[in-house]
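Work through the exercises below with the structure in view. Each task is followed by a solution in steps.

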Amino acid sequence: MLLKGKNAVITGCLRGIGKATVELFASQGANIWACCQFQDAAFDQYSSELQRQYGVWITPVFFDLTNYEQVKSAAKTIMAAKQPIDILANIAGMTEDAWFHMVAMEQMKRVFEVNFFAPILFTQYITKLMSKQKKGSVINVASISALDGNSGQLSYSSAKAAVIGATKTLSAELAPIGIRVNAIAPGVISTEMTEKVPEEKINKFIQKSDLKRLGLPKEVAEVMLFLATDLSSYITGQVLRVDGGMN
């Protein structure tokens, strides 16, 4: 098991990439603080099954990323456990698409709150705990839209570009205390979010990719696993594309 005895904090656990990461990390022996926006009976049952199957503990932590007091309270809940934290996976995110001239500032602020400001605040708290043990891995989820741009996604692309900039800066700042910081830039992944995208647009993305298919949440989680383990011990400040060869 690649993560036997390790403790991970994962956000956005209710669905998609976050849920797949919880399952993969648990299967590799990691104990997990599963951060969710709200309590969900189906996820509770899912977590219980993973705990029984893999002999790990999964502790739910509930908070809204747009509420800084809840973010702070969640961090304090994790800190109160007095357990070392080896991995932080910032996965939770959202998008509100609109053409440039139709973008409202309130919309842009909301997208930045969820995708950038709140994760940065949460990372401040968690990396303070990591610094006590002089090691750790922080993995941020960005997007290929932050690297390539995407029509209709000004707010999302800009917020995820900020995530990439923060990843590189934090890598430089935290490396002296043994904390690595990297980002993953997923392409078009088959999640509930992409189910809302018109089929015609999805097909255009598929045709732009070398592999000619959508990615799976598990395939992103597997890259997350690589960055969480010592297999990537000499990698920091990097943005790994997981996009099926998008061009």
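**Exercise 1. Place M193 and find its partners.**

Solution. Helix α7, residues 192–195, contains M193. The model is a predicted one, and the values below are computed from it. Next, take the accessibility: M193 has a relative accessible area of 33%, which lies between the cut-offs of 20% and 50%, so M193 counts as partly exposed. Then look for contacts. With neighbours within four places in sequence set aside, M193 touches G93, M94 and T95. For M94, the C-alpha atom is 8.5 Å from that of M193, although the two positions lie 99 residues apart along the chain as a separation in sequence.

**Exercise 2. Decide whether N115 is buried or exposed, and list its contacts.**

Solution. Start with the location: N115 belongs to helix α4. Its relative accessibility is 3%. Buried means under 20%, so N115 is buried. Beyond the neighbours within four places in sequence, N115 is in contact with A92, G93, M94, Y156, A159, K160 and V163. M94 is also a contact of M193.

**Exercise 3. Describe how α4 packs against α6.**

Solution. Two packed helices are described by the angle between their axes and the distance between the axes. For α4 (residues 105–133) and α6 (residues 154–174), the angle is about 20 degrees and the axes are 8 Å apart. Angles under 35 degrees count as roughly parallel, so α4 is roughly parallel to α6. The handedness of this crossing is right-handed. On the α4 side the contact includes N115, F112 and F116, and on the α6 side it includes Y156, A159, K160 and V163. Sorted by type, the residues of this contact are 13 nonpolar, 6 polar and 1 charged.

**Exercise 4. Classify the crossing of α1 and α9.**

Solution. Helix α1 covers residues 16–27 and helix α9 residues 217–228; their axes come within 8 Å and cross at roughly 55 degrees. This angle is neither under 35 degrees nor in the range 65 to 115, and therefore α1 and α9 are oblique to each other. The crossing is right-handed. From α1, the residues in contact are G16, I17, A20, T21, L24 and F25, while α9 contributes P217, K218, V220, A221, E222, M224, L225 and A228. By type, 10 of the contact residues are nonpolar, 2 are polar and 2 are charged.

**Exercise 5. Classify two of the aromatic pairs.**

Solution. A pair of aromatic rings is described by the distance of the centres and the angle of the planes. The whole structure holds 5 aromatic pairs. For W33 and W57, the ring centres are 5.0 Å apart and the planes stand at 75 degrees. Planes over 60 degrees apart count as edge-to-face, so this pair is edge-to-face. W33 is in strand β2 (residues 31–36), and W57 is in the loop between α2 (41–54) and β3 (58–62), so the pair ties together parts 24 residues apart in sequence. W33 is buried at 3% relative accessibility, whereas W57, at 27%, is partly exposed.

Now take F112 and F117. Their centres are 6.0 Å apart with 40 degrees between the planes, and the pair is tilted. F112 is buried at 17% relative accessible area, and F117 is partly exposed at 38%. Ring pairs join F112, F116 and F117 in a cluster.

How values were computed: Residues are numbered from 1 along each chain as its sequence is written. This is a predicted model: local features need pLDDT of at least 70, side-chain atom pairs count only at pLDDT 80 or more; totals for chains, interfaces and linings use all residues. Side-chain values use heavy atoms; hydrogens and water are left out. Axes are lines fitted to C-alpha atoms, for helices over the stretch in contact, and angles run from 0 to 180 degrees between N-to-C directions. Helices (H or I, at least four residues) and strands (E, at least two) are DSSP runs, numbered from the N terminus. Angles under 35 degrees count as roughly parallel, over 145 as roughly antiparallel, 65 to 115 as roughly perpendicular and the rest as oblique. A crossing is left-handed if the near helix is turned anticlockwise from the far one by less than a right angle, and right-handed if clockwise. Contact means heavy atoms within 4.5 Å. Ala, Val, Leu, Ile, Met, Phe, Trp, Tyr, Cys and Pro count as nonpolar, Asp, Glu, Lys and Arg as charged, and the others, Gly among them, as polar. Rings of Phe, Tyr and Trp (its six-membered ring) pair if their centres lie within 6.5 Å; planes under 30 degrees apart count as stacked, over 60 as edge-to-face and the rest as tilted. Buried means under 20% relative accessible area, exposed over 50%, partly exposed in between (1.4 Å probe, protein chains only).
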